[in-house]
Amino acid sequence: MLLILGLLTLAGPVQADESGLVVEAQTIYTLESDRVAVESEMILTNTLPDQGGVTFQYYFDTLTLPIPAGAVNVVARTASGSRLSVSPGEIDGNVQSVVINLPSRLLFGAQQRIRLDFDLPGSEERSDGQFR
């Protein structure tokens, strides 16, 4: 059985956080018989201008994102399909961070497209598991 569970899209004006990184994402949750498959397509934009010409050049080379604790098969890829390094971060309750190494430095005004996929394993009905 295959069922598209939901689509999460960030809409409206997009603004950078204090770090200067804008992340626009579309995420699809697909309910399968034994798991929920999650696919997230992201566009990253560096909005932090360089200072003093090239004296201070601001760039991003990693992206840290929260995902549900217990997620498995975590894979990040570039738009062309090249696999990116993903490292698990800290777990805080039901949330775990993952650190994705970007394929190159994300310089001011530049964009990169990446895709993050992971699975949320199912639990038996009425179990204490997080995903059921």
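A hairpin links strand 2 to strand 3, with 3 residues making the connection. This is a predicted model, and that hairpin is a good place to enter it. Strand 2 covers residues 21–31, and strand 3 covers residues 35–46. The two pair in the antiparallel sense, over 11 bridges. One bridge shows how the pairing is set: L21 is partnered by N46 in strand 3. In general, strands of a sheet pair through backbone hydrogen bonds, either parallel or antiparallel.

Next comes an open sheet. It has 3 strands, in the order 4-8-7, and the pairing is antiparallel. Strand 4 (60–68) and strand 7 (86–92) are the edge strands, each pairing on one side only. From one strand to the next, the twist averages 30 degrees. Strand 8 spans residues 95–106. Between strand 4 and strand 8 there are 8 bridges, in the antiparallel sense. Here P68 has V95 of strand 8 as its bridge partner.

Now follow strand 5, residues 72–78. Strand 5 runs antiparallel to strand 9, and 5 bridges join them. Within that pairing, V75 is bridged to D117 of strand 9. Strand 5 also pairs with strand 6, residues 83–84, in the antiparallel sense over 2 bridges. Opposite A76 stands L84 of strand 6. Strand 5 and strand 6 form a hairpin with 4 residues between the strands. In this hairpin, G81 takes a positive phi near 100 degrees.

What do these strands supply to the interior? The largest nonpolar core has 21 residues. Those with the most contacts inside this core are M42, L44, L63, I114 and L116. Strand 2, strand 3, strand 4, strand 8 and strand 9 (111–121) each supply at least two residues of the core. In soluble globular proteins, nonpolar side chains tend to be buried together.

Take M42 as a guide. Leaving aside residues up to four places away in sequence, M42 touches V23, E24 and A25, among others. The contacts of M42 also include L63 and L65. Further along the chain, M42 meets Q112, R113, I114 and L116.

Aromatic rings bring the tour to an end. How many aromatic pairs does the structure hold? The count is 0. One ring does have a charge over it. The charged end of R105 sits over the ring of Y59, 4.1 Å from the centre of that ring.

Technical notes: Residues are numbered from 1 along each chain as its sequence is written. This is a predicted model: local features need pLDDT of at least 70, side-chain atom pairs count only at pLDDT 80 or more; totals for chains, interfaces and linings use all residues. Side-chain values use heavy atoms; hydrogens and water are left out. Two strands pair if DSSP finds at least two bridges between them. Rings of Phe, Tyr and Trp (its six-membered ring) pair if their centres lie within 6.5 Å; planes under 30 degrees apart count as stacked, over 60 as edge-to-face and the rest as tilted. A charge sits over a ring if NZ of Lys or CZ of Arg is within 6 Å of the ring centre and within 35 degrees of the ring normal. Axes are lines fitted to C-alpha atoms, for helices over the stretch in contact, and angles run from 0 to 180 degrees between N-to-C directions. A nonpolar core is a set of buried Ala, Val, Leu, Ile, Met, Phe, Trp, Tyr and Cys residues joined through side-chain atoms within 4.5 Å. Buried means under 20% relative accessible area, exposed over 50%, partly exposed in between (1.4 Å probe, protein chains only). Contact means heavy atoms within 4.5 Å.
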